[in-house]
There are 2 protein chains.
Amino acid sequence: QMPRGNLETIHPRALVLSAVRKALDRMNFKAAMILMKKHRINLNLMFDHNPKLFLDNVKEFVQQVESVNNINLFISDLYAEDVTVTMYTAAYQKTTDDKEFPNKVNTVCDAVRQALIDNNESKYLLSILVTYVRKTTPELEKALLLVRALRGLKPPDQVVVSAEEALKYLLFLVDVNEMYDVALGTYDFDLVLMVAEKSQKDPKEYIPFLNLLRQLEGHYKHFTIDRYLKRYKKALDHITKCGAEHFNECVSLVKEHNLFTEALQLYLPGSQQYKHIATLYGEYLSEKSKDEEAGIMFVKAECWEQALSSFQACKNWRQIFCMTARLKYSQDKEVDIAKKLSGQLKELRRHQEAAVVLEQYVMDVEESIVCLIEGCLWEEALRMMYKHSRTDFIESNLKTALVETCEHQMDTLNNLHNDFEKYTNRLDAVRKQKEKERLEFLESGGDLGADADLYSDTSSATGESIQSSRYSSDSRQSAYRGDKKQKKAQCQKSKYKEGSNSRSRYGCLYTLIKTVDNLRDEIQSLLKALVQFHFDKQAVELQKKYSDCLSDIEKAIPDIWSDEATENRKEPVLGPMTTANSIAQAVQRGQVVSEKQDPIIRIAPTLNKDKKWKLSTLDCGKS
Amino acid sequence: QMPRGNLETIHPRALVLSAVRKALDRMNFKAAMILMKKHRINLNLMFDHNPKLFLDNVKEFVQQVESVNNINLFISDLYAEDVTVTMYTAAYQKTTDDKEFPNKVNTVCDAVRQALIDNNESKYLLSILVTYVRKTTPELEKALLLVRALRGLKPPDQVVVSAEEALKYLLFLVDVNEMYDVALGTYDFDLVLMVAEKSQKDPKEYIPFLNLLRQLEGHYKHFTIDRYLKRYKKALDHITKCGAEHFNECVSLVKEHNLFTEALQLYLPGSQQYKHIATLYGEYLSEKSKDEEAGIMFVKAECWEQALSSFQACKNWRQIFCMTARLKYSQDKEVDIAKKLSGQLKELRRHQEAAVVLEQYVMDVEESIVCLIEGCLWEEALRMMYKHSRTDFIESNLKTALVETCEHQMDTLNNLHNDFEKYTNRLDAVRKQKEKERLEFLESGGDLGADADLYSDTSSATGESIQSSRYSSDSRQSAYRGDKKQKKAQCQKSKYKEGSNSRSRYGCLYTLIKTVDNLRDEIQSLLKALVQFHFDKQAVELQKKYSDCLSDIEKAIPDIWSDEATENRKEPVLGPMTTANSIAQAVQRGQVVSEKQDPIIRIAPTLNKDKKWKLSTLDCGKS
């Protein structure tokens, strides 16, 4: 009992809670229940107070609480939240949610139900129904089957609750239409009728429908019901068992509801039906532009022609020639395909593969060698020449290509180097300006509006103007040979352009640095070829240029990235100089910091320093 | 003039400086010079005060200062530092070093010398010598030639300073032995004798040496002198011009002083000498285990046999077969080489290349197919089968390999996933412990010693125990197939083990995450092959497992990395609760922060999220 008089006004809830906790600790569930109901303490506390204790003594709980109503009340009040952490946090001072029972509601429902069944199933029938309904995904079918079981029992058999009453109670908890669908899903028409009678449904509507269903046979009946209930996977399962005469219905079900994978699992690979559905799936994937997967699906369907065109669409040249072999194409036909393909692969800068196609399928060694030289695959080109005794290509093609490529790479590196310096100088200027204006701002006491202006000013100054100059240099580069990496870099750049200004500023630098860093392999292989053919002078120049680029970048990276990261620590956020404005400003800076979480801005690009690209033969030193 | 009396004690230097500055601004160099000498103001200020003004008026400076001694004093006092930034910073308040003149000493020396020559060359002869000597790399040869020129003039010809005097002065500035070498370097024996006479050297020593040199001819004389002076590059240049009879000396010079590159530039590619030196260089590179470069060098030397063995040493298979073709090896011999090579390539997990070697040089299609299957290169294996009409391998080898590889990948992923969870749980535990002890520490007021202990404690708890379990699981993985990536990961791991504890903790996680992330391509190609051959069930499982791994890792990364980065902001470094201990502790934390600059710890690994690996056909969804 609560103390009375003046004391009543002082923290009664805390005192009640303390009493409840004591009762629960003593496993006096009955007393706890009375107290909680009286003072409107959330019933979840019954479990949350000490989950393990409750679950271990759930039988005791049922015996003590005893009343069906109270148990129903407890179950109905359950929810996932732990009230010791949320509602009654002051009394418990728990800081973290332990999540010992990740699905609390289900755990309690199942435990209580078992206790009720063990205690007195018929007495607690309604409570049992509640435990089914209250589960996170309600087990309505089980509840319904329980009600049906009641029907079989005759009234004198100790039946406390009749089937009629139980159903009524159930329909009070759950919407009748939902229940009707659940009943239909059991394929038990008696159950359906039982529920339907309680509903507002017009018997003229559901009786004919049920009669129609009754006329159907086994799987087909089930299929029709499942389709009506939109349980398409179950429907599919049943229709596949209905034999060939219903295969059309199966196909339309699969197509309508995109059940290809499920359907394929139900038929044997190689069977007519399997192939039919796999073909449909292939066509579906093809429409979705998933050409590679479509191709594989057509292979599974043994539709080689269609597989071939899918593999052609995604330029999977290995599979293409598997298919032409399967289809026993004539050599002429294969050569045509191979020629077209090699052109496409070259466009994609996949020269190595294009060369294999040219050598092995077009049977054109000369074209193959030219393709390798075009792709700057010097060693492979040499191997091909020696293999087919066509070393005349060294003088006629290889050497000029080497010199041209070297010149091109020098140009590229010069452009990249210049751009890099432009960027870093600009970044430097912006930072100095920013720092200067910040100091002025601090001295003047500051006006936040002006500061906000300053931010957008400086960042836009870096963003656009350099961006455009960058683009022009890029077009110069790609005019010569459409380098794959540079193309990628370009597309990334346009992405950054849309982003925030500081993002674009850092993004461009990041991309530029990565572009330079990624040239290691290409440059090394070029250097080796140049040296082999006595273009030592050009090789020395190229090595020096690239080495300079890399070392300049490496030196600049800590400046570019770490500076920004430490910049925010310099600001005096609190101290004798603080004004309301300066705090507001600090908060504004805070936003800038969170913007920096963006990895492009926050994290410097890492260089592949492990990758050795230099030739020691070209390192003459400085003296 | 300075004010006298009591005022003399108050900042006289500031007043003097102000007077000097005014004089310099008015270009009154003479007055400035007097003031500076009197009050021992650093003479560098003459230039540093306003570099541009000084350089524009250097003639005026020479005219005003006039005295040879004063000019010598000024030149001798020059050094690179800008005294307005360092010594007289208070008077100038410059914050940054502009570096308008990156090499100040040289700039001033050259400018003053020109002014002196224009004004009165013979009068200022000694000053001119000083301007040569004081350059950052003294131009002693020029100074010496100037002295020699004096000799020719007869005393009455307006000669203020005699050659004798000039040489004496020069030797007062520069060590005589150094000067002797410089004289010798001009190849002018008169000059040598002139210097030698002033030195402590014994004429019985140098006279015979000079006589010996006199007997030699042109280039060979120069070569001998240069070698004596250790100017090996010049020596090389001269010896190459001495014809074939001295080639042996050239070779030994090159070998002794490692002048291969320089020597190769001096001979024509294809010439006997060029080939000889290139061969030597190749052997030298070979000794240094630079096999690839050695190979290229042997190619340049047209030593095909040696090139072949170098390329064999670095497994450059393309070049190997270029060489065998060059050498016109019989097919048997080539097949032997190819067989050995294919085995080595397989060991290096370069199955694709091994298969090409087997197909095109060993001419063993069966082995080639088996090799591709072993390397999990499913599509290439299929292509090879179709190309050579050996599709029987699909049933006999490919399908079993697919299933085995799938099982193996499942094991690998399971191990990696388990390890990942172990690591993160451990990290979590350590952090909680750390946080708890930190709070306790703050509450208790703290004892720094205990805290220091705590740090080493927790980190060692993570480090070792898991490390060992990690190793055991690794051995399980590599027992099946020595995966290249995993091997690399292992070796990286052992590297981390030696490092600091927090480094090893993060390093292991980083490596593990990268290992999982790098499997994308491999898993995708396996999935495609599995599906194609109707192993849909296994493919679904594998895709699910890998997808789970990746999503768990992706979810955990922000926790693992950003937590650590923000942790340091929580610490109250200053405030009402501050004690000497807590500040000391904050400093100690500062060290921890600086340790975090290590990219492994500071930067989370980035996942290749752009790389799509999933097959949509296998994504059945959850329902």
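**Two helices and a pair of chains in a predicted model**

Good morning. Just after helix α1 of chain A, M27(A) takes a positive phi of about 55°. I begin with this residue since it leads us to the helix before it. Please bear in mind throughout that the structure is a predicted model.

Let us turn to helix α1 of chain A itself, which runs over residues 12–25. At 1.5 Å a residue, its 14 residues should span 20 Å, and the end C-alpha atoms are indeed 20 Å apart, so expectation and model agree. Which residues of α1(A) are buried? They are V16(A), L17(A), V20(A), A23(A) and L24(A). These residues cover an arc of only 125° around the axis, which means that they lie on the same side of α1(A). As a general reminder, an α-helix has 3.6 residues a turn, so residues three or four places apart point the same way. What do the buried residues of α1(A) pack against? Their partners in chain A are α2 (29–38), α3 (45–48), α4 (51–56) and α7 (89–92).

The second helix I wish to present is α12 of chain A, residues 176–185. Here 7 of the 10 residues are buried, and the helix is therefore largely enclosed by the rest of the structure. The buried residues are V176(A), M179(A), Y180(A), V182(A), A183(A), L184(A) and G185(A). Their cover includes α10 (140–152), α11 (163–173), α13 (189–198), α14 (203–215) and α15 (218–228) of chain A. At the N-terminal end, D175(A) caps α12(A), with a side-chain oxygen 3.2 Å from the backbone nitrogen of N177(A). After α12(A) comes Y187(A), which has a positive phi near 60°.

I now move to the two chains together. A turn of 180° and a shift of 0.1 Å along the axis lay chain B on chain A with an RMSD of 0.2 Å. The two copies are thus related as by a two-fold rotation axis. Of the interface residues of chain B, 100% are also interface residues in chain A, so the copies meet through the same surface.

Finally, a word on confidence. Chain A has a mean pLDDT of 80, and 79% of its residues reach 70 or more. Over residues 448–500 of chain A, however, the pLDDT is below 50, and this stretch has 85 contacts in the model beyond near neighbours in sequence. The pLDDT is also below 50 over residues 587–597 of chain A, a stretch with 18 contacts beyond near neighbours in sequence. Thank you for your attention.

Technical notes
Residues numbered from 1 in each chain as written. Chains lettered and ligands numbered in written order. Heavy atoms only, no water. Least-squares fit on C-alpha atoms with pLDDT ≥ 70 in both. Contact = heavy atoms within 4.5 Å. Helix = DSSP H or I, 4+ residues; strand = E, 2+ residues; numbered from the N terminus. Expected span 1.5 Å × (residues − 1). Buried < 20%, exposed > 50% of the residue type's maximum accessible area, 1.4 Å probe, protein only. Arc of directions from axis to C-beta. pLDDT = per-residue confidence, 0-100. Polar contact = N/O pair within 3.5 Å; in protein donor to acceptor, adjacent residues only side chain to side chain.
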